[in-house]
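Student: I should like to learn how to read the features of a structural model. May we work through one together?

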Amino acid sequence: MAIVCNEESKLSGLPLNRALRDENGEIYDILAGTFAVVGLTDDSFGSLDSSLVEKYSKLFEQPEQFAMLGDKIVAIPMISEEQQKQEAKEVTVDTDDISVAGYYAMWHPIDQREVDGHTFFLMEHNDFGNEKPCVIIDEEDKLSLADVYDGFDEHTVSLLELEVMPVDGMPDETISVDDMKEYGYSWGGMLPMREEAASEAGKENTIYCLYGDNTESRVTDTSEIKEHAAKGGIFGIEKTDWMAVLEKENHLKNAEVSLEDDYGMIDGIINNGKKDEKPEEKAGKSSIMDRLKSVKSDIPKEKAMPQKERKPEKHMSKSEKWNLKWSFYLDGDGRRKHNETCRRCARNCKQNFRTILIDCPHYVSLRSEDEIYCRNKGRK
């Protein structure tokens, strides 16, 4: 067989079309523009037999786009919306070749778990397998958790429980969880907010800057909110923290309803008097000193920024406990980062990125078939 194409297609700037691979699956060239696969006769082109037609139709069936990763070119299959919808309807633990939003190439499920009536699938990468962390998708084929190393362990299940936990109201009605996932942040245990709502909620609660690469960092200063919003970023508050806010508001409202003289004045001030009552007027003229004191007392005082004290560990949310546990591993953006050598190792005794590692007698490559590696990954 032969491939017929324009030999000057790349020089002419034609769009890249399909990759050509060697027997090991490595890309050695890329076809640009249109091309045809034909058979060969003794002195000319000919037809392909039915077996070759089937072989090359399958080989070049999937459209591809290309990107540079380091010094290597990778081919990324282009999945249509119709394919994604069809695959989403047929996801089972036995389904192969499933696309995951935000990731290139294809995945396959290796485990599933029911959490409060919702089904989640643990997905493994088709090409990299054990060398790449797993991801978890829901029954609608939407990404729920990324960088999953230990399958459906206790911590992962607790995050999924928060994902499906219902709430009575959103901290910001102008943005939904689906909007947040489309933005690039997938965990539904975080409720999204825009700048104005984040500034208000951040006065008494822990909020996070959310990023499109599915990571977050804790807001430690109000200036971070404006800076992140100026870049088009959004913010989040954990469901557990937001539910505590709602519970507190309902408690105060119930207390005011039981004590307020006038139900039409439920305004956060208990027993502020009936609306038809008029304040008693003082007889006679007031002195200048009295009026000066009155004006002085009416001047609003600037409120000092509340100083947050560190919570006892037993009162921390799971995310706060996680941040405390991994604090020595977090980089400047609040993201967990391991030592470069440990990142390529299959064992769980990983050191942080601040460690200068010269040698490790326990090192086991991720590419190894070692039984310890398989056991640590939670697979048989």
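The dialogue below takes up confidence, sheets, helices, aromatic pairs and one loop residue.

Student: What should I know before reading any detail?

Tutor: This is a predicted model, in which local features need pLDDT of at least 70 and side-chain atom pairs count only at pLDDT 80 or more, while totals for chains, interfaces and linings use all residues. Residues are numbered from 1 along each chain as its sequence is written, and side-chain values use heavy atoms, with hydrogens and water left out.

Student: How is the confidence to be read, and which elements have the lowest and the highest mean pLDDT?

Tutor: pLDDT is the predictor's confidence in each residue, from 0 to 100. Where pLDDT is low, the predicted coordinates should not be read in detail. Here the chain has a mean pLDDT of 77, with 74% of its residues at 70 or more. Among the elements of the chain, the lowest mean belongs to H11 (50) and the highest to E13 (94).

Student: How do I read a sheet?

Tutor: Helices (H or I, at least four residues) and strands (E, at least two) are DSSP runs, numbered from the N terminus. Two strands pair if DSSP finds at least two bridges between them. In this model, one open sheet has four strands in the order E8-E9-E10-E11, with antiparallel pairing. Strand E8 (107–115) and strand E11 (143–148) are the edge strands, each pairing on one side only. From one strand to the next, the twist averages 25°; axes are lines fitted to C-alpha atoms, for helices over the stretch in contact, and angles run from 0 to 180 degrees between N-to-C directions.

Student: How many bridges join E9 to E10?

Tutor: Four bridges join the antiparallel strands E9 (residues 118–125) and E10 (residues 134–138). Met-123 stands opposite Val-135 of E10.

Student: Which helix lies across this sheet?

Tutor: Helix H3 (residues 154–164) lies across E8, E9, E10 and E11, at about 160° to E11. To judge how covered a helix is, take buried as under 20% relative accessible area, exposed as over 50%, and partly exposed as in between (1.4 Å probe, protein chains only). By that rule H3 is mostly covered, with eight of its 11 residues buried. The buried residues include Val-157, Ser-158, Leu-159 and Leu-160.

Student: Is Ser-158 buried or exposed, and what lies 2.5 Å from a polar atom of its side chain?

Tutor: Ser-158, in helix H3, is buried because its relative accessible area is 6%. The backbone oxygen of His-155 lies 2.5 Å from a polar atom of the Ser-158 side chain.

Student: What is the strand order in the sheet that contains E12?

Tutor: That open sheet of four strands has the order E12-E15-E13-E14, with antiparallel pairing. Strand E12 (190–193) and strand E14 (216–218) are at the edges with a single partner strand each, so one side of each has no neighbour in the sheet. The twist averages 35° from one strand to the next. E12 and E15 run antiparallel and are joined by four bridges, with Met-193 opposite Phe-235 in E15. Both faces of E12 are covered: Met-190 and Pro-192 are buried on one side, Leu-191 and Met-193 on the other. Three bridges join E13 (residues 208–210) to E15 (residues 234–238), and Tyr-208 has Gly-236 as its bridge partner in E15. Helix H6 (residues 222–230) lies across E13, E14 and E15, at about 130° to E15.

Student: How are aromatic pairs described?

Tutor: A pair of aromatic rings is described by the distance of the centres and the angle of the planes. Rings of Phe, Tyr and Trp (its six-membered ring) pair if their centres lie within 6.5 Å; planes under 30 degrees apart count as stacked, over 60 as edge-to-face and the rest as tilted. This rule gives two aromatic pairs. Phe-35 and Phe-60 are edge-to-face, at 5.3 Å centre to centre and 70° between the planes. Phe-35 lies in strand E4 (residues 35–40) and Phe-60 in the loop between helix H1 (50–59) and strand E6 (64–69), so the pair ties together parts 25 residues apart in sequence. Tyr-56 and Phe-60 are stacked, at 6.5 Å and 15°. Phe-35, Tyr-56 and Phe-60 form one aromatic cluster.

Student: Where does Lys-350 lie?

Tutor: Lys-350 is in the loop between helix H10 (340–343) and helix H11 (371–376). Lys-350 counts as buried because its relative accessible area is 17%. Contact means heavy atoms within 4.5 Å; leaving aside neighbours within four places in sequence, Lys-350 is in contact with Tyr-329, His-338, Cys-342 and Cys-345.

Technical notes: A polar contact is a pair of N or O atoms within 3.5 Å; within protein, one must be able to donate a hydrogen and the other to accept it, and residues adjacent in sequence count only if both atoms are side-chain atoms.
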